Amino acid sequence: LIFECLATMDNGITIESVSYYGEKQDDSVPDIHDGPKFNELDPRLQAAFYTYLDNIGITLELSTFINNFATQKEALEYLTWLENVRSFVISK
């Protein structure tokens, strides 16, 4: 199963889609099925997928970590960009 999720600070993990990528039966392409839209699945199945993710450690705490890390990384990349622009302008 492949889960496409969004990580948010307040709501934790939001599942956008669930796909199934089966094993190859031969040398052709693998069995791929994207399945229906997640929000169209039976609510009990949606809840079961969230429980599964929680059981394997995909939790609110992980979502918070991902968001904090991404925010810090973006800030560092911005500072690096500013330094590069400053160096370029000074050298001209």
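User: Which residue follows α1, and what is the sign of its phi?

Analyst: This model is predicted. After α1 comes G57. The phi of G57 is near 95°, so its sign is positive.

User: How far apart are the end C-alpha atoms of α1?

Analyst: α1 has 13 residues, and at 1.5 Å a residue they should span 18 Å. The distance in the model agrees with that expectation, because the end C-alpha atoms of α1 are separated by 18 Å.

User: Which residue caps the N-terminal end of α1?

Analyst: The backbone nitrogen of R44 has a side-chain oxygen 2.7 Å away. That oxygen belongs to the capping residue, D42.

User: Against which strands do the buried residues of α1 pack?

Analyst: Q46, F49 and L53 are the buried residues of α1. They cover an arc of only 60° around the axis, so they sit on the same side of α1. The face turned away from this buried side carries the exposed residues R44 and N55. The buried residues pack against β1 and β2.

User: Which residue of β2 is the bridge partner of F3?

Analyst: β1 (residues 2-8) and β2 (residues 12-21) run antiparallel and are joined by seven bridges. The two strands form a hairpin, with three residues between them. In β2, F3 has as its bridge partner V18.

User: Is G35 buried, partly exposed or exposed?

Analyst: G35 is in the loop between β3 (32-33) and α1 (43-55). Its C-alpha atom is 5.9 Å from that of S19, a residue 16 positions away along the chain. The relative accessible area of G35 is 35%, and buried requires under 20% while exposed requires over 50%. G35 is therefore partly exposed.

Methods:
Residues numbered from 1 in each chain as written. Predicted model: local features only at pLDDT ≥ 70, side-chain atom pairs only at ≥ 80, totals over all residues. Heavy atoms only, no water. Helix = DSSP H or I, 4+ residues; strand = E, 2+ residues; numbered from the N terminus. Buried < 20%, exposed > 50% of the residue type's maximum accessible area, 1.4 Å probe, protein only. Pairing = 2+ DSSP bridges. Expected span 1.5 Å × (residues − 1). Arc of directions from axis to C-beta. Contact = heavy atoms within 4.5 Å. Polar contact = N/O pair within 3.5 Å; in protein donor to acceptor, adjacent residues only side chain to side chain.
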